[in-house]
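Open the model in your viewer and keep the selection tool at hand. We will take it one stop at a time.

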Number of protein chains: 2
Amino acid sequence: MTNAQRVFTALNDPTRRAVFERLRDGPRPVGEIAQGLPVTRPAVSQHLKVLKEAGLVDDRSEGTRRIYHIDPKGLGAMRAWLDQFWDGALTALATEIEKDTKKEPK
Amino acid sequence: MTNAQRVFTALNDPTRRAVFERLRDGPRPVGEIAQGLPVTRPAVSQHLKVLKEAGLVDDRSEGTRRIYHIDPKGLGAMRAWLDQFWDGALTALATEIEKDTKKEPK
DNA sequence: CTCATCGGTAAGTAGCTACTAACCGTAAGT
DNA sequence: ACTTACGGTTAGTAGCTACTTACCGATGAG
């Protein structure tokens with residue numbers, strides 16, 4: 001399984017995106033993340049595991065709590081994938097427009 | 001269902017990404033896209049439908065063929081989502097580093 | 001040494017999704 | 001008009017996945 005694949009899979013689930021977005025404002029322990037979400041805490045743990053494997057989050061221990069924070073590594077991989085795509089897409093689009101212009105020079 | 005949700009769902013499936021990436025080199029008819037892929041042509045049609053609903057591809061008729069091409073709209077939505085995230089993630093990370101530095105000034 | 005809190009893990013299940021096979025409509029060639 | 005090529009749609013199914021419940025280890029307070 002490629003790295004980009006893991007990132008996409010991780011961000012595909014709405015609940016998991018909610019978990020991830022909750023970390024945007026700063027690091028949080030698991031319980032605090034789970035609070036307010038419509039799923040149980042174990043579910044959040046499982047989501048965090050997936051996010052971590054995708055390189056989207058990382059954690060550190062602090063007493064009995066585990067503080068999770070965003071890891072830019074995953075976002076970077078995704079952005080790289082997207083950028084590599086962006087150029088090709090725009091190039092193809094430009095070619096398309098050029099062809100259309102030749103066909104219908106108004 | 002939000003628009004970003006549709007883009008993520010569309011790009012989540014490996015086969016669907018393969019379909020999408022095949023259009024990076026330029027517009028292609030359905031049959032040509034399906035050729036070489038390990039799935040049948042109807043499956044490709046279904047994938048194209050999902051990609052189209054996500055704003056990632058669009059199509060035009062040319063005789064009995066349907067030529068599919070990349071639609072930048074979907075990629076733009078995804079990039080917007082990512083960028084909006086990017087800043088928050090980096091800000092949080094910077095805050096983190098700052099805190100760690102204060103704790104362990106080496 | 002208890003006892004409570006925090007959180008990761010295992011097992012089992014309901015719901016979704018990607019796939020194939022069969023079918024149908026449409027456009028172009030003869 | 002007949003035939004062929006192209007491709008979208010439907011019905012049915014196998015496999016995956018997000019969820020809950022129950023359990024367990026670890027840390028800190030008293």
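Start by selecting A:P29, which stands opposite A:I67 in β3(A). One residue back, A:R28 has A:Y68 of β3(A) as its bridge partner.

Before going on, a word on what you see. This is a predicted model, in which local features need pLDDT of at least 70 and side-chain atom pairs count only at pLDDT 80 or more, while totals for chains, interfaces and linings use all residues. Residues are numbered from 1 along each chain as its sequence is written, and chains are lettered from A and ligands numbered from 1 in the order in which they are written.

**The sheet**

Now select residues 28–29 and 65–70 of chain A: these are β1 and β3, an antiparallel pair with two bridges. Strands here are DSSP runs of E with at least two residues, helices are runs of H or I with at least four, and both are numbered from the N terminus; two strands pair if DSSP finds at least two bridges between them.

Add β2 (residues 57–62) of chain A, which runs antiparallel to β3(A) and is joined to it by six bridges. One of the pairs to click on is A:S61 with A:R66. Two residues lie between the strands of this hairpin, and A:G63 takes a positive phi near 70 degrees.

Zoom out, and the order of this open three-stranded sheet reads β1-β3-β2. Because β1 and β2 of chain A are at the edges with a single partner strand each, one side of each has no neighbour in the sheet.

**The helices**

Next, select α2 (residues 14–22) and α4 (residues 41–53) of chain A; they pack at about 80 degrees, with axes 10 Å apart. Axes are lines fitted to C-alpha atoms, for helices over the stretch in contact, and angles run from 0 to 180 degrees between N-to-C directions. On the α2(A) side, highlight A:T15, A:R16, A:V19 and A:F20; on the α4(A) side, A:V44, A:H47, A:L48, A:V50 and A:L51. Contact here takes C-beta atoms, placed from the backbone, within 7 Å.

**The DNA**

Finally, show DNA strand D. Which residues come nearest to it? Of the 21 residues around the strand, they are A:T40, B:P29, B:G31, B:P42 and B:S45. A residue counts as near if its C-beta atom, placed from the backbone, lies within 6 Å of the strand. Select α4(B) last: with five residues, it gives the most to this surface.

Notes: Contact = placed C-beta atoms within 7 Å.
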